[in-house]
Amino acid sequence: MTFDDFDFAPPVRRGVEDAGYTTPTPVQAAALPLALDGVDVVGVAQTGTGKTAAFVLPILDYLVKEPTGGKGRAVRALVVTPTRELAIQVTEAVRQYGAHTKLKAATIYGGVGKGKQRTALRNGIDIVVATPGRLLDFLSEGAIDLGFVDILVLDEADRMFDMGFVKDVRKIVAAVPEQRQTMLFSATMPPPIQDLARSILYKPQTVEVGERRDPAATVTQRAVRVAQDEKQALLHHLIETEDVDRMIVFSRTKYRADRIRKKLDRAGFSAIAIHSNRSQGQRQRALKGFEAGDFQIMVATDIAARGIDVPGVSHVVNFDAPNVPEDYIHRIGRTGRAEATGDAITFVSAEEADNLRAIEKHVGKRIEEVRYDGFEPPKLADAMGQAQRRSNPKGHRQRQKSGGPVRGKGQGGRDRGHRGQR
Ligand code: AMP
């Protein structure tokens, strides 16, 4: 199957061409024919599978083929996402794939002034990508009218549920016409999300890509047993001995993220932290810096990292083994995106042994446990590390054959479209 098999409007086809895509990913191959037909879709897909294009392309195609245009045009497609970062990324995808269309998109999210977003809406927007809180604000102010929305997408629905947004989502759905096409994407389908899907989608077709709970197959997953107070030293060791292009380090709290970053800095590594204490501008700058390669390592908390899509992340380190198994899947999905491969390494202290067991149960397999042979206890490692780093102050892309991981043993009935039926 190629993208030529879909009858995309020419400007949308050109957008796909410019992106350099030739073959649809599995989620695209399964969802696009349905979505382009106007059928409601439940997409059970992790990030990194190409799910964004699976809903953005049908939106663009529909709006190009059924144009309205003009100042004061109505919002006709709405994408709701759990976080600002994801909203920004989806908007970027809309602008990228839609570069040859005349469609206008706007991102609506909290934590920044309302003025610019309000002006954009007033000038006429076809596609709105929004987080729930700010969107509800605008709805109650009458700054946005959702009465003409033909396509509604809920992205990362399980995450919205985790973040307590389901009530808000229902309020938003109530403001959108009943006659519409709805698509819901989620990495997992726990019962509350199934309920939500049942109540807001009409005869949906479910598209499931791979094992529901199997994290991106391209990611090599490992776990390392390590004492809490040796984690930082192990992290430094890992950066020095693995072939790290870009690494994201996840920590449990904002405070810990800052501390890890400072220690990395002090040890001569180029690192930046991203978490929700940072202003939106700071977060965007941090992301851009990481993307541009100014920083080799980004330390992040779960919420801040949601929706981050930086290509070429070779390593994800769970500095703290997440106690919510779903977070594990979201975290490791930051590497091994699209065609790439990646390494995910989880540090497990004695107190976190239960977390590892819960993760293994959730993903349905054992995670290989490894030891780091060259890894010395912190005091010794510090002394050695300082000597080493003097000869390579940035610590960038060092490759050493010895001291790498040592594998442990044996651990191992299509409907007519819903829109336009009014
Ligand atoms: P997503 O799961 O939507 O976050 O997409 C993950 C990554 O895959 C993004 O960087 C996309 O640019 C890329 N991607 C999406 N569709 C394709 C495709 N058909 N071929 C190659 N890369 C793609």
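Modeller: Contact means that heavy atoms lie within 4.5 Å. The model in front of us is a predicted one.

Biologist: Leaving aside its neighbours within four places in sequence, which residues is T301 in contact with?

Modeller: Let's find T301 before listing its partners: T301 is in the loop between β11 and α13 (302-305). Its relative accessible area is 7%, and buried means under 20%, so T301 counts as buried. With neighbours within four places in sequence set aside, the contacts of T301 are F250, S251, T253, K254, A257, I274, H275 and S276.

Biologist: A257 also belongs to helix α11. Which elements do the buried residues of α11 pack against?

Modeller: First, see which residues take part: in α11, R256, A257, D258, I260, R261 and L264 are buried. These buried residues pack against α10 (231-241), β9, β10 (271-274) and β11 (297-300).

Biologist: How many Å apart are the end C-alpha atoms of α11, and why does that agree with its 13 residues?

Modeller: Helix α11 covers residues 254-266. The expected span is 1.5 Å times one less than the number of residues, so the 13 residues of α11 should span 18 Å. The distance between the end C-alpha atoms agrees with this, as they are apart by 18 Å.

Biologist: Which residue just after α11 takes a positive phi?

Modeller: Follow the chain out of the end of helix α11. There, with a phi of about 95°, you meet G268.

Biologist: Let's turn to strand β12. Are V316 and N318 buried or exposed?

Modeller: In a regular strand the side chains alternate between the two faces of the sheet. In β12 (residues 315-318), H315 and V317 are on one side, with V316 and N318 on the other. Both faces of β12 are covered, and V316 and N318, like H315 and V317, are buried.

Biologist: What is the bridge partner of H315 in β13?

Modeller: β12 has strand β9 (residues 247-250) as a parallel partner over four bridges, and there M247 stands opposite H315. β12 also pairs in the parallel sense, over four bridges, with strand β13 (residues 342-348). In β13, the bridge partner of H315 is D343.

Biologist: Now for the rings. How many aromatic pairs does a search of the whole structure find?

Modeller: A pair of aromatic rings is described by the distance of the centres and the angle of the planes. Searching the whole structure on that basis gives an aromatic pair count of six.

Biologist: Is the pair of F3 and Y21 stacked, tilted or edge-to-face?

Modeller: The ring centres of F3 and Y21 are 6.4 Å apart. Pairs count as stacked under 30 degrees and as edge-to-face over 60, and the planes here are at 35°, so the pair is tilted.

Biologist: How many residues apart in sequence are the parts that this pair ties together?

Modeller: F3 lies in the segment before α1 (10-19), and Y21 in the loop between α1 and α2 (26-36). F3 is buried at a relative accessible area of 0%, whereas Y21 is partly exposed at 32%. The parts tied together by the pair are apart in sequence by a number of residues equal to 18.

Biologist: Which residues form one aromatic cluster?

Modeller: Start with F3 and F6, which form a tilted pair at 6.3 Å centre to centre, with 55° between the planes. F3 and F6 are both buried. The aromatic cluster consists of F3, F6, F8, Y21 and Y97.

Key:
Residues numbered from 1 in each chain as written. Predicted model: local features only at pLDDT ≥ 70, side-chain atom pairs only at ≥ 80, totals over all residues. Heavy atoms only, no water. Buried < 20%, exposed > 50% of the residue type's maximum accessible area, 1.4 Å probe, protein only. Helix = DSSP H or I, 4+ residues; strand = E, 2+ residues; numbered from the N terminus. Pairing = 2+ DSSP bridges. Phe/Tyr/Trp six-rings, centres within 6.5 Å; stacked < 30°, edge-to-face > 60°.
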